[in-house]
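I opened the notebook to look up how the strands pair and how one helix is built. The entries follow in the order in which I checked them.

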Amino acid sequence: MSANTASPEHKKIPKASFIVCILIGLILIAASGIFNTRLKEYKKNLIELDAVVSKVDKDVYVNYYYNTDDYTNIPVSMINKPKVGDTVKIYIDKEDYFAASSDEVSVYMVKALLIVGCIFAGCGALCLIIRRIVGGKSNPILDGGKFIYAEVDEVIRDNHTYAIRCHYSDFGGKKRQDYLLNNISVNPDAYLAANQKRIKIYIKGKNYRKYYFDESILKI
């Protein structure tokens, strides 16, 4: 006999998928924090100025005044193009006053990493909560969907409960695993008659010792 895979109704989206989603979100949030810290350190080596937009084309051209000198029509790359005459914040190099830049792209990157990270982490956490509410407490063996059909050796009846002794043989009978299924509240006779005295048991991967018995299969 060989192990089988469970039918689709037993399948759940693995909890690990949502945990990975949360981890990705936390990594992106951490990256945004690191990038923002480095951006602040980088700006410490620059001079912050207010400049007036003189021309808007592929780049934005600005005029500014620093250290008794006027600098006119200096190109600055910006995502959101301002209007001519607007005042914008720029940064110039301490060694080259003609080298002007804007922190707009970097700020957008920090915000994008933070927002996407929050979305990933939030969605992952929300899906875990919904999965728990809808599916109840997760059983990793049942969720894995791997099962075997064990041969029933004996049904033990004790008042209104039942116990089943059964075994599973593999590799031509060379490997045998015995099972004792206790505290069963459903009479298994009808199920066993319909399934040639074989009973479905869920196992963890190829480990026959770690198993789970779902007595709801007996309700036929």
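I began with strand β7 (residues 146-158) and strand β10 (residues 198-204), which pair in the antiparallel sense over 5 bridges; I count two strands as paired if DSSP finds at least two bridges between them, and I take strands (E, at least two residues) and helices (H or I, at least four) as DSSP runs numbered from the N terminus. Within this pairing, A150 of β7 has I199 in β10 as its bridge partner. This is a predicted model, in which local features need pLDDT of at least 70, side-chain atom pairs count only at pLDDT 80 or more, and totals for chains, interfaces and linings use all residues. Residues are numbered from 1 along each chain as its sequence is written, and side-chain values use heavy atoms, with hydrogens and water left out.

I then followed β7 to strand β8 (residues 161-170), to which 7 antiparallel bridges join it; here E151 has H167 in β8 as bridge partner. The hairpin of β7 and β8 has 2 residues between the strands, and N159 takes a positive phi near 55°.

Next I noted an open sheet of 5 strands in the order β4-β3-β2-β5-β6, with antiparallel pairing. β4 (69-76) and β6 (100-101) stand at its edges with a single partner strand each, so one side of each is left without a neighbour in the sheet. Inside it, β2 (residues 46-56) and β3 (residues 60-66) pair over 4 bridges, and V56 has V60 in β3 as its bridge partner.

Last, I looked up the residues of α1 that are buried (under 20% relative accessible area, 1.4 Å probe, protein chains only), and found F18, C21, I22, G25, S32 and L39.

Notes
Buried means under 20% relative accessible area, exposed over 50%, partly exposed in between (1.4 Å probe, protein chains only).
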